[in-house]
Amino acid sequence: IHFKRLLLTGAAGVLGRQLRPRLKAHCCLLRVSDIADLGSAAPGEELHPARLEDADAMSRLLEGVQAVVHLGGVSTEQPWEAILQANIIGAYNLYEAARKQAVPRVVFASSNHVTGFYRRDQVVGLDDPARPDGLYGLSKTFGEDLARLYFDRYGIETVCLRIGSALPEPHDRRTLATWISYDDLERLVVASLTAPMVGHSIIYGVGDNAVGWWDNHLARHIGYQPQDSSERFRSRIESSEPPPDMTDPATIYQGGIFVRSGPLAK
Ligand code: 15L
């Protein structure tokens, strides 16, 4: 057990529901937050609903926690106003709360969509420039830079997880490259919480897939060792899907259908 009290935001979301029981094993108390229904508190849990847009509520939410796993916010492409409130203002409120409450470490759920406009014949490293594929990806780019500012200025450490596709199984050609199992996601989050020194780090949240587009070697200090590969799903997926349409931007670029919003919309 590493932590007295951990905070998980977005605990009612798709990944929050996966991580909630798993993180409990690593702390005495798990504070869980969301605006959606959190159900009832399991032993060792504290329910603490809070709106990311509400700075005072966020400050109270972070009181007395040793680390935050921040999954809260909008997780797909949405109109600007929704992204602005939850992901831009919300991320700012989270970091201001961390500063006020002296929370030393954040694990920030970024996204592969920070670099979604790289092509699938490119391998992206952790110090390559961002190429967000939409407003959602752009908001995660902002979150990564905000985290960097709060490290440089205030010493709050963050690991930005550019999560690929966290799913029970890969389900198409793209997710063969982007898949991360829930077990590997747990390994990644726990490594990010417990690595001795992380400063401001970025790492792709991806499994041990044979084919992939992301190079994590600059994040070896986090100690994440993925164990699950998508390869055993390949033949079934490739034989059941039509051949890829190489003229479709959603096939050319890593972000998949996320690139279609805006000028590339079909
Ligand atoms: C994301 O960032 C989304 O939150 C998730 O719903 C998936 O679409 C994932 O990326 C992905 O790229 O597969």
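In this predicted model, the ligand is surrounded by S75, S111, N112, H113, Y136, G164, S165, R174 and F258. By residue class, this shell holds 2 nonpolar, 6 polar and 1 charged residue.

Three contacts to ligand oxygen atoms are described here. S75 contributes through its backbone: one of its N or O atoms sits 2.5 Å from an oxygen atom of the ligand. N112 contributes through its side chain, where an N or O atom is 3.0 Å from a ligand oxygen. Y136 also uses its side chain, with a polar atom 2.7 Å from an oxygen atom of the ligand. Taken alone, the ligand exposes 310 Å². The protein buries 72% of that area.

Aromatic pairing was examined next. The count comes to 7 aromatic pairs. One pair is formed by Y136 and F258, whose ring centres are 5.9 Å apart. Their planes meet at 45°; this angle is neither under 30 degrees nor over 60, so the pair is classed as tilted. The pair connects distant parts of the chain. Y136 belongs to helix α4, whereas F258 lies in the segment after α8 (249-252). The two residues are 122 residues apart. Both Y136 and F258 are also among the residues around the ligand.

Enclosed space was then searched over the whole structure. The search finds 1 cavity of 30 Å³ or more. The volume of the largest cavity is about 50 Å³. Its lining consists of H70, G72, A86, N87, A91, F108, S139 and K140. Two helices, α3 (80-100) and α4 (135-154), each supply at least two of these lining residues. Helix α3 gives the largest share, with 3 residues. By class, the lining of the largest cavity divides into 3 nonpolar, 4 polar and 1 charged residue. Helix α4 therefore appears in two settings: it supplies residues to this lining, and it carries Y136 of the tilted aromatic pair.

Open pockets were considered last. The second largest pocket holds about 210 Å³ of space. Its lining is made up of I203, V206, G207, W214, N216, H217, A219, R220, G223, Y224, Q225 and P226. These residues divide into 6 nonpolar, 5 polar and 1 charged. The aromatic residues W214 and Y224 are included in this lining, as are the glycines G207 and G223.

Conventions. Residues are numbered from 1 along each chain as its sequence is written. This is a predicted model: local features need pLDDT of at least 70, side-chain atom pairs count only at pLDDT 80 or more; totals for chains, interfaces and linings use all residues. Side-chain values use heavy atoms; hydrogens and water are left out. On a 1 Å grid over the protein atoms alone, a cavity is a set of points where a 1.4 Å probe fits but cannot get out, and a pocket is an open set with protein on both sides within 12 Å along at least five of seven lines; lining residues have an atom within 4 Å of a point. Grid points are joined across faces, edges and corners, and a volume is the space filled by probe spheres set on the points. Helices (H or I, at least four residues) and strands (E, at least two) are DSSP runs, numbered from the N terminus. Ala, Val, Leu, Ile, Met, Phe, Trp, Tyr, Cys and Pro count as nonpolar, Asp, Glu, Lys and Arg as charged, and the others, Gly among them, as polar. A residue is near a molecule or strand if one of its heavy atoms lies within 4 Å of it. A polar contact is a pair of N or O atoms within 3.5 Å; within protein, one must be able to donate a hydrogen and the other to accept it, and residues adjacent in sequence count only if both atoms are side-chain atoms. Accessible areas come from the Shrake-Rupley method with a 1.4 Å probe; for residues, only the protein chains shown count as cover. Rings of Phe, Tyr and Trp (its six-membered ring) pair if their centres lie within 6.5 Å; planes under 30 degrees apart count as stacked, over 60 as edge-to-face and the rest as tilted.
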